[in-house]
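The following note sets out comments on the model under review. The points are numbered for ease of reply.

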Protein chains: 2
Amino acid sequence: MMYSLEAGGKRLRPILVLTAAEAVNSDSLARSQAMPVASAIEMIHTYSLIHDDLPAMDNDDYRRGKLTNHKVYGEAMAILAGDGLLTHAFYAITRTVALGTSPETALAIVSDLARLAGAPGMVGGQAADILGEQGVTSLAELEYIHLHKTSDLIVFSVLAGARIGGATQQQLESLQQFARKLGLAFQIQDDILDLIGDEAKLGKPVQSDVQQQKVTYPFLLGMEKSVALVERLTEESKQALADAKLAKPEYLLAIADYLMNRDH
Amino acid sequence: MMYSLEAGGKRLRPILVLTAAEAVNSDSLARSQAMPVASAIEMIHTYSLIHDDLPAMDNDDYRRGKLTNHKVYGEAMAILAGDGLLTHAFYAITRTVALGTSPETALAIVSDLARLAGAPGMVGGQAADILGEQGVTSLAELEYIHLHKTSDLIVFSVLAGARIGGATQQQLESLQQFARKLGLAFQIQDDILDLIGDEAKLGKPVQSDVQQQKVTYPFLLGMEKSVALVERLTEESKQALADAKLAKPEYLLAIADYLMNRDH
């Protein structure tokens with residue numbers, strides 16, 4: 001569990017949790033209350049990578065420039081490390097109550113995570129991806145996969161931070177739009193970087209999607225339209241962010257810009 | 001997910017949740033409030049069986065008289081079905097609030113489940129079992145594996161039902177002892193049935209532990225002492241149950257007796 005948690009990565013999802021908490025409530029207490037939830041979402045993301053990398057799934061040997069979990073510990077322990085991280089994420093969420101979050105809010109975060117990381121969310125997106133590997137032909141199918149495989153955890157991160165910050169229902173709805181579009185832009189950018197990125201910066205081989213004959217946005221739309229779509233989604237996500245009328249939106253805005261312009 | 005949930009089984013853990021709720025609070029409302037948690041623990045138990053049966057783990061083709069999940073849907077989908085069930089269990093727990101359970105109690109149940117099903121609990125027991133497969137030589141090691149692989153979910157079931165029924169702290173402690181000893185007796189009985197049980201009643205081949213060279217209680221202690229230990233643990237668990245001074249302990253008592261005398 002620690003091997004994969006400590007393997008690095010951008011920590012985008014925990015940063016979004018902390019930044020969303022601060023954006024809603026600039027009191028620094030909100031940020032520290034959000035810390036267990038920031039840890040929780042990184043555990044979920046890490047478990048999903050460990051299971052995705054298994055021979056029965058994507059069969060990847062490297063992740064973030066290091067050997068994948070099952071290459072080091074064997075498949076059985078990698079499955080269990082994933083199960084353990086997934087389960088412990090829910091424990092981490094309960095710890096936010098000791099820092100002053102209400103049980104109602106903590107339970108709403110448990111419910112969001114179970115939905116957005118589970119069969120109606122990330123696990124469902126992953127299942128659609130596997131079932132569709134030979135047959136994804138439409139943009140609608142690909143969007144479904146990306147929205148659930150990637151956007152749902154981004155949505156969770158922003159909503160959870162905002163809940164801890166004390167967001168109103170209207171703010172939660174605008175932030176959900178923000179995160180949904182940001183997550184989709186993020187995943188399309190991933191598809192683009194797999195084609196034209198720098199292997200050293202990415203920490204994994206490029207053109208792996210092409211080799212695995214994966215259907216991606218650039219494959220379906222072409223590179224130019226894919227780049228334009230990332231720009232459009234980023235603009236729309238910024239508009240939703242403005243609609244949320246947050247106390248301190250600057251860092252969330254900066255993250256949206258960073259993700260659009262990133263090279264890894 | 002549904003294929004394995006509907007494959008049958010004793011439903012021991014959900015029955016314990018419902019029975020514990022009713023034992024603490026004979027008002028029938030407690031029992032119906034406990035229903036989402038009863039579903040949750042069966043999802044957890046089922047996910048653990050799906051992952052345990054995988055080729056990288058126990059590599060079993062049959063479970064409850066039916067083909068195992070990965071034999072029907074493939075390994076990738078079986079891993080995801082397990083992940084989906086594990087995640088959805090936490091969603092189910094949050095639903096008990098809509099039936100009148102307080103958010104504090106629901107969150108305590110989330111915390112219990114994350115601990116008892118996770119790395120400090122069932123997942124840890126499973127990892128110890130896999131790591132120890134070549135080297136378990138002492139009763140202490142075997143007890144650790146059984147307590148975490150099996151007892152921890154039994155403990156969860158009884159505690160969760162009792163929490164929904166409104167148990168006092170003293171009752172929770174006595175019930176934890178009851179469930180811990182009952183779970184250990186249950187697992188030793190499983191070891192015994194694997195040696196002398198009836199294949200048709202068990203729904204799986206007997207003597208699989210011997211064939212897989214698994215270290216069991218009968219292997220370490222002999223059959224006679226193992227049978228005596230099941231009896232002693234059952235008596236001790238009944239004593240702990242009496243200490244809990246419950247409104248309606250009869251059904252929990254009956255379950256303890258049934259488990260000691262079962263033939264499958």
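**Comments on the model**

1. Surface. The accessible surface of chain A comes to about 10,700 Å², and carbon and sulfur atoms hold 52% of that area. The model is a predicted one, and every value in this note is to be read accordingly.

2. Burial. Of the 264 residues in chain A, 57% are buried, where buried denotes a relative accessible area under 20%.

3. Overall dimensions. Along the principal axes, the C-alpha atoms of chain A occupy a box of roughly 50 × 40 × 30 Å. A compact globule with 264 residues would be expected to have a radius of gyration near 18 Å; the value for chain A is 18 Å, so the two agree.

4. Secondary structure and contacts. Chain A contains 15 helices and two strands. Among the contacts in chain A with a separation of 6 or more, 72% are between residues 24 or more positions apart.

5. Charge. The side chains of chain A include 23 positive and 33 negative ones. The centres of these two sets lie 3 Å apart.

6. Relation of the copies. In general, a rotation about an axis and a shift along it relate two copies of a chain. Here, a turn of 180° with a shift of 0.0 Å along the axis lays chain A on chain B, with an RMSD of 0.0 Å. This is therefore the relation of a two-fold axis. Both copies use the same surface, since 100% of the contact residues of chain A recur in chain B.

Methods:
Residues are numbered from 1 along each chain as its sequence is written. Chains are lettered from A and ligands numbered from 1 in the order in which they are written. This is a predicted model: local features need pLDDT of at least 70, side-chain atom pairs count only at pLDDT 80 or more; totals for chains, interfaces and linings use all residues. Side-chain values use heavy atoms; hydrogens and water are left out. Copies are superposed by least squares on the C-alpha atoms of residues with pLDDT of at least 70 in both. Contact means heavy atoms within 4.5 Å. Helices (H or I, at least four residues) and strands (E, at least two) are DSSP runs, numbered from the N terminus. The radius of gyration is taken over C-alpha atoms; the globule rule is 2.2 Å times the number of residues to the power 0.38. Buried means under 20% relative accessible area, exposed over 50%, partly exposed in between (1.4 Å probe, protein chains only). Accessible areas come from the Shrake-Rupley method with a 1.4 Å probe; for residues, only the protein chains shown count as cover. Lys and Arg count as positive and Asp and Glu as negative; His and the chain ends are not counted. The place of a charge is taken as NZ of Lys, CZ of Arg, CG of Asp or CD of Glu.
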